Amino acid sequence: MNQARHWSLGAKLVLVGTPFLVLALLGVTLTLWVSWQLDGGAAAVNEAGRLRMQGYRMALSVSTQDAPALRRQAGEFERSLALLRHGDPERPLFVPWDDTVNARFGEVETHWSRFRQRWIAVPPASLAALPADTA
């Protein structure tokens, strides 16, 4: 005897609802991933802006000949550069490392090396070039 199987209403609802549940979980997961990436990009932009402010603080310390503050600020600048280069496992930090960004970051590191040699390693004789070098 050929008997047709009759599904209960609960089984039919589970069968119909499961794909929607999977899609909803996938959507939430994707949204969280995108949010994490955007948060990491914002953190990288903030850290890059922080580098600029640290540069201005160092220029002020050079002009006021505050050597202890200058050494501390130079260390902070070095840590910020390393943070941008290597990231931080405790918080997202997303830098889109393509050829252009890599080249520009290399320029920043080169300019920092020159700034450090010219203004931090030895006391400057004249401050005339400090604004241009800081920028």
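This is a walk through one predicted model, stop by stop, with residues to select in your viewer.

**Stop 1: the core**

Start in the middle of things and select Met58, Leu84 and Trp112. These three have the most contacts inside the largest nonpolar core, a set of 19 residues. Colour by helix and you'll see where that core comes from: α1, α2 (67-86) and α3 (99-121) are the elements that give two or more residues to it.

Now keep Met58 and show what surrounds it. Setting aside neighbours within four places in sequence, Met58 touches Leu70, Gln73, Ala74, Phe77, Trp112, Phe115 and Ile120. Leave Phe77, Trp112 and Phe115 displayed, since the next stop is about their rings.

**Stop 2: the rings**

How many aromatic pairs does the structure hold? There are three. Take Trp97 and Phe105 as one of them: the arrangement is edge-to-face, with 5.2 Å centre to centre and 90° between the planes. The two partners sit in different burial classes, because Trp97 is partly exposed at 34% relative accessible area, while Phe105 is buried at 9%.

Then jump to Trp112 and Phe115. Stacked or edge-to-face? This pair is stacked, with the centres 6.2 Å apart and 20° between the planes. The angle is what decides the label here, because planes under 30 degrees apart count as stacked. Trp112 and Phe115 both belong to helix α3 and are three residues apart, about one turn of the helix. Both are buried, too. Add Phe77 to the selection and you have one aromatic cluster made of Phe77, Trp112 and Phe115. You've met these residues before: each of the three is also in contact with Met58.

**Stop 3: the salt bridges**

Switch to the charged side chains. The model has five salt bridges, and three of them are on this tour.

Select Arg50 and Glu47 first. Their closest N and O atoms are 3.0 Å apart. Both residues lie in helix α1, three residues apart, or about one turn. Which partner is buried? Glu47 is, with a relative accessibility of 7%, whereas Arg50 is partly exposed at 39%.

Next, go to helix α2 and pick Glu76 and Arg72. They form a salt bridge with an N to O distance of 4.0 Å. Since the cut-off is a nitrogen within 4 Å of a carboxyl oxygen, the listed distance sits right at that value. Here the partners are four residues apart in α2, again about one turn of the helix. Glu76 is partly exposed with 25% relative accessible area, and Arg72 is partly exposed at 48%.

The third one to select is Asp133 with Arg118, where N and O are 2.9 Å apart. This pair links distant parts of the chain: Asp133 sits in helix α4 (residues 130-134) and Arg118 in helix α3, 15 residues apart. Both ends are partly exposed, Asp133 at 32% and Arg118 at 44%.

**Stop 4: Ser80, back at the first bridge**

Now click on Ser80 in helix α2. How buried is Ser80? Its relative accessible area is 1%, so Ser80 counts as buried. Show its contacts beyond four places in sequence and you get Glu47, Arg50, Leu51 and Gln54. Two of those names should ring a bell: Glu47 and Arg50 are the salt-bridged pair from the previous stop.

**Stop 5: out on the surface**

Turn on a surface and select Val16, Phe20, Leu23 and Leu26. Together they make a nonpolar surface patch with about 460 Å² of accessible area. Zoom in on Val16, which lies in helix α1 (residues 9-63). Val16 is exposed, with a relative accessible area of 54%.

For a last pick, go to Arg104 in helix α3. Arg104 is exposed as well, at 57% relative accessible area. Try a distance label from Arg104 to Glu78: the two are 26 residues apart along the chain, and their C-alpha atoms are separated by 17 Å.

**Before you close the viewer**

To save one view, try Met58 with the aromatic cluster of Phe77, Trp112 and Phe115. For another, keep Ser80 with Glu47, Arg50, Leu51 and Gln54, its contacts beyond the immediate sequence neighbours.

Notes: Residues numbered from 1 in each chain as written. Predicted model: local features only at pLDDT ≥ 70, side-chain atom pairs only at ≥ 80, totals over all residues. Heavy atoms only, no water. Patch = residues over 30% accessible without salt bridge, like charges linked within 9 Å, V, L, I, M, F, W, Y side chains within 5 Å. Areas by Shrake-Rupley, 256 points an atom, 1.4 Å probe, with all protein chains shown as cover. Buried < 20%, exposed > 50% of the residue type's maximum accessible area, 1.4 Å probe, protein only. Core = buried A, V, L, I, M, F, W, Y, C linked by side-chain atoms within 4.5 Å. Contact = heavy atoms within 4.5 Å. Phe/Tyr/Trp six-rings, centres within 6.5 Å; stacked < 30°, edge-to-face > 60°.
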